[in-house]
Amino acid sequence: MTVQTRPSVCPHDCPSTCALEVEVLGPARIGAVRGADNPYTAGVICNKVTRYAERIHHPDRLTHPLLRTGPKGSGQFRRIGWDEALDRVVEGFTAVTAEHGSEAAWAYSSAGTMGLVNRDGVFRLRHAMRWSGRKGTICSSIAAAGWMAGCGRISGTDPREMAASDLIVVWGGNPVATQVNVMAHVTRARKERGAKLVVIDPYRTGTAAIADLHLAPRPGTDAALACAVMHCAFRDGLADRAYMARYTADAETLEAHLASRGPDWAATITGLSVAQIETFAGLYNRTARAYLRIGFGFTRGRGGAAAMHAVTCLPAVTGAWRHEGGGALWNNRNLYQWDKSLIEGTALRDPAVRELDMSRIASILTGDPAALEGGPPVHALLVQSGNPAAVCPDSNRVRAGLLREDLFTVVHEQFLTETARHADILLPATMFLEHDDIYQAGGHSHVQIGRKLIEPPGEAMSNHDLVCALARGFGLDHPSFRMSGLELADATLRASGYPGAEALTERRWVDIQVPFERAHFLDGFGHADGRFRFRADWAALGDAEGRLPPLPDHLPLEDAATAERPFRLVAAPARQFLNSTFTETPTALRREGRPTLRIAPEDCARLGITEGEAVRIGNARGEVVLHAQRAPGQQPGTLVAEGVWPADAYAGAACGINVLTSDEPALPAGGAVFHDTAVWLRPEIPSDDFKPLQLA
Ligand code: SF4
């Protein structure tokens with residue numbers, strides 16, 4: 001057997017966008033996958049992707065178009081040909097839009113692939129058809145608003161600069177589980193410079209477990225901690241006043257505002273001790289080369305934007321931006337200057353057509369007038385690269401919507417997911433090694449191309465090819481619908497000023513990292529006056545009612561614990577899964593074990609809960625059964641459930657963790673609040689008259 005090693009790029013919803021080396025064993029078979037010697041990937045990738053053969057060659061891959069034969073949601077289908085499938089999709093959507101108007105059709109797409117051609121191409125189909133748009137809030141809109149409020153441009157310190165850092169603060173992220181190659185850069189700084197690692201997270205994650213210092217505030221209280229750290233900087237003469245005078249606005253107002261927000265104040269809000277806060281403040285404020293690696297935890301709570309803004313104020317107070325290895329990074333998306341007009345068909349877009357908030361699919365499919373923005377109910381739904389029945393908030397209502405008999409649902413998927421089970425027409429989709437695409441990275445600065453390396457199983461079709469086939473069915477005529485995926489990639493690369501597809505294939509990647517001065521905002525922040533804003537203009541970011549605090553502050557907006565629901569639930573990512581992806585692979589399932597609920601030892605003792613015991617948590621939206629795990633390192637009252645497990649992995653009922661989460665839109669402009677849920681907790685003892693267990 002001849003083994004070739006071919007280059008590729010990880011397409012998954014992860015900021016690392018790792019450069020890969022893939023063993024190709026035959027026309028339709030791969031072997032091992034390794035990290036490439038890219039300056040960021042540095043040969044390190046997560047084990048989810050090293051064993052990708054298990055996923056791509058999984059016997060349960062969807063391989064042929066299917067037509068529903070049983071009741072909705074039953075998962076009963078029969079095989080049909082592509083011609084019949086496409087005809088049925090076109091007829092179904094045409095009938096709906098003829099009766100209810102074009103906005104009654106909705107193309108719901110998510111980040112199942114991050115390839116620009118295959119992720120975003122469905123936009124031009126919906127633009128051309130005038131279907132309802134999809135407001136992309138679920139991944140990052142909360143955190144993005146918070147970063148923009150201060151910095152005005154979404155980019156930050158090159159992660160490779162961690163090698164020059166003396167302190168790395170991982171705040172609201174768990175890279176050991178979700179972005180493992182960040183840890184390669186952290187480890188290098190620790191080994192070579194003796195850099196300290198601080199982790200701030202409500203529970204003892206894998207990253208927190210190996211940190212020099214772990215602070216576990218109550219969920220949603222990060223802004224209070226950030227305020228206290230800045231208070232200490234001003235109090236102790238460690239604020240860089242020369243930097244603030246040159247690069248920021250409203251520093252004096254900030255100092256006066258923070259005078260009443262010291263460690264005592266923050267301790268009552270965060271649940272941390274004054275000593276813990278002082279220790280961290282001293283470490284951060286006295287370290288010039290302090291690197292804040294801010295994670296996606298900030299984009300999962302009602303107060304997340306305000307918290308992100310508060311944290312981004314830290315290096316603007318201490319002047320850490322001045323120094324190599326200092327500053328902050330959340331995401332680098334604004335480094336890329338894509339011209340995606342061909343891929344997205346931007347010229348075809350009518351801004352008068354409504355955009356529906358993807359995080360609110362529960363309310364949208366169940367007919368909430370506000371979520372529908374006053375327009376017609378959705379009667380035709382095309383789901384591509386997403387599994388909203390499992391991943392989106394308030395999943396009992398998502399499923400109620402998908403079960404509507406007056407909803408025609410088409411799902412393009414790789415596996416029979418919970419969403420796919422609800423399809424009327426189910427279409428088989430390729431995986432990344434089976435089609436061509438181009439990629440940017442949020443966590444670094446490389447443009448990459450991933451070429452088709454193997455043939456797909458059966459009749460699986462790429463997202464791009466499906467979009468083009470449907471366009472032909474609807475009689476659309478736009479040049480992009482006649483191009484191959486590679487041609488579209490090539491044209492987009494060239495229009496964006498990058499090497500064409502063949503040249504990029506040859507080079508593997510293009511590093512678009514900007515010079516130090518730009519990356520550190522020393523040539524100005526992204527606002528018109530070039531200054532960092534301690535006073536956020538939330539109205540400009542969508543907070544029309546002015547509910548977010550202009551100056552950094554704790555915002556008691558969260559789903560507050562009550563006597564009936566005394567616990568705060570964080571629904572965090574699992575190491576072996578990525579959203580609901582990889583929940584189909586046996587090794588990932590075996591390593592994760594079963595859905596567990598991390599409970600503070602004090603709560604276990606008080607409530608008499610033993611390790612491994614089945615417990616039930618719930619609220620007005622639903623209930624779910626998990627197994628208790630005694631979890632030191634988190635505060636009493638905090639519960640943590642890792643992973644979007646398939647519904648049937650939970651004991652007792654066919655429902656997943658997102659039955660508990662709310663689809664209430666976060667400020668200032670929407671977003672899902674997965675870490676912000678108040679719940680009750682009780683042992684799983686069948687009884688008609690149980691009393692929910694309460695905190696003392
Ligand atoms: S770390 Fe992220 S980008 Fe890298 S291989 Fe794993 S999922 Fe893909």
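This report describes domains, helices, buried residues and unusual backbone angles in a predicted model.

Residues are numbered from 1 along each chain as its sequence is written. Because the model is predicted, local features need pLDDT of at least 70 and side-chain atom pairs count only at pLDDT 80 or more, while totals for chains, interfaces and linings use all residues.

**Domains and annotation**

The protein is divided into domain 1 (66-139 + 344-511), domain 2 (142-330) and domain 3 (567-683); the bounds come from an automatic or database domain assignment. Between the C-alpha centres of domain 1 and domain 2 the distance is 37 Å. An unreviewed UniProt entry annotates residues 3-60 as "domain: 4Fe-4S Mo/W bis-MGD-type". UniProt positions are given in the numbering used here, feature names are shortened, and annotations may be inferred rather than shown by experiment. The span 3-60 is 16% helix and 36% strand, and its end C-alpha atoms lie 25 Å apart. Helices (H or I, at least four residues) and strands (E, at least two) are DSSP runs, numbered from the N terminus.

**Helices and their burial**

A residue is buried if 20 or more other C-beta atoms lie within 10 Å of its own, exposed if 12 or fewer, and partly exposed in between, with C-beta atoms placed from the backbone. Two residues are in contact if these C-beta atoms lie within 7 Å.

In helix 5 (residues 122-129), eight of the eight residues are buried, so this helix is largely enclosed by the rest of the structure. Its buried residues pack against strand 6 (105-109), helix 4 (116-120), strand 7 (133-135), helix 16 (341-344), strand 15 (380-384) and helix 20 (463-473). Arg130, which follows helix 5, has a positive phi near 60°.

Helix 19 (residues 395-402) is mostly covered, with six of its eight residues buried. These are Ser395, Arg397, Val398, Arg399, Gly401 and Leu402. They pack against helix 17 (361-365), helix 18 (388-391) and strand 16 (408-413).

Helix 14 (residues 274-285) has twelve residues and reaches 16 Å from its first C-alpha to its last, close to the 16 Å expected at 1.5 Å a residue; the expected span is 1.5 Å times one less than the number of residues. Its buried residues are Gln276, Ile277, Phe280, Ala281, Tyr284 and Asn285. They cover an arc of only 140° around the axis, which puts them on the same side of helix 14. The arc is that of the directions from the helix axis to the C-beta atoms. Val229 touches Phe280, Ala281, Tyr284 and Asn285 of this helix, as well as Leu314, not counting residues up to four places away in sequence.

**Ala145 and Pro668**

Ala145 sits in helix 6 (residues 141-151) and is buried, with 28 other C-beta atoms within 10 Å. Leaving aside neighbours within four places in sequence, Ala145 is in contact with Ala305, Leu541, Gly542, Pro668 and Ala669. Pro668 lies in the loop between strand 26 (638-642) and strand 27 (677-683). A cis peptide bond, with omega about 5°, joins Leu667 and Pro668.

**Positive phi in loops**

Two loop residues other than glycine are listed below.

| Residue | Phi | Loop | Other C-beta atoms within 10 Å |
|---|---|---|---|
| Glu373 | near 55° | between helix 17 and strand 15 | 15, partly exposed |
| Phe521 | near 60° | between helix 23 (516-519) and strand 21 (532-533) | 25, buried |
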